[in-house]
Amino acid sequence: MAQGLEADAAPSTVEAIAAAYLQASGGDAATALHRAIADALADLREAERRERRCERWISRGYVRGALPPR
């Protein structure tokens with residue numbers, strides 16, 4: 001548990017994530033930070049990829065749903 005928190009106090013989400021990365025890195029704070037940043041960037045890239053894919057689906061839907069010429 002993060003320093004400064006009482007034993008009966010639930011850590012915040014950020015504190016819980018930080019503690020998990022710190023534990024996974026064997027207590028090496030620099031490694032934990034690098035891993036957290038790398039994971040966050042990977043998640044951001046995946047979210048952007050999904051957003052682009054959804055935009056393509058929407059664009060195709062507009063084209064397919066277009067009214068026929070008069």
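A residue counts as buried here when its relative accessible area is under 20%. By that yardstick, buried residues make up just 3% of the 70 residues in this protein, which is a predicted model. The accessible surface adds up to about 6,200 Å², and carbon and sulfur atoms account for 59% of that.

The overall layout is quick to take in: two helices and zero strands. Start with α1, which runs through residues 13-24. Its 12 residues reach 16 Å from the first C-alpha to the last, close to the 16 Å expected at 1.5 Å a residue. After α1 comes G26, with a positive phi near 70°.

Now look at S25, which sits in the loop between α1 and α2. Is S25 buried or exposed? With a relative accessible area of 12%, S25 falls under the 20% cut-off and therefore counts as buried. Its side chain reaches back to the backbone oxygen of L22, at 3.0 Å. If you skip the neighbours within four places in sequence, S25 is in contact with T31, A32 and R35.

Carry on into α2, which covers residues 29-64 and includes I37. This residue is partly exposed, at 43% relative accessible area. I37 also belongs to a nonpolar patch on the surface, together with L33, L41 and L44. Between them, these four side-chain bearers offer about 360 Å² of accessible area. The numbering of the patch is worth a glance with helix geometry in mind. An α-helix has 3.6 residues a turn, so residues three or four places apart point the same way.

Methods. Residues numbered from 1 in each chain as written. Predicted model: local features only at pLDDT ≥ 70, side-chain atom pairs only at ≥ 80, totals over all residues. Heavy atoms only, no water. Helix = DSSP H or I, 4+ residues; strand = E, 2+ residues; numbered from the N terminus. Expected span 1.5 Å × (residues − 1). Patch = residues over 30% accessible without salt bridge, like charges linked within 9 Å, V, L, I, M, F, W, Y side chains within 5 Å. Areas by Shrake-Rupley, 256 points an atom, 1.4 Å probe, with all protein chains shown as cover. Buried < 20%, exposed > 50% of the residue type's maximum accessible area, 1.4 Å probe, protein only. Polar contact = N/O pair within 3.5 Å; in protein donor to acceptor, adjacent residues only side chain to side chain. Contact = heavy atoms within 4.5 Å.
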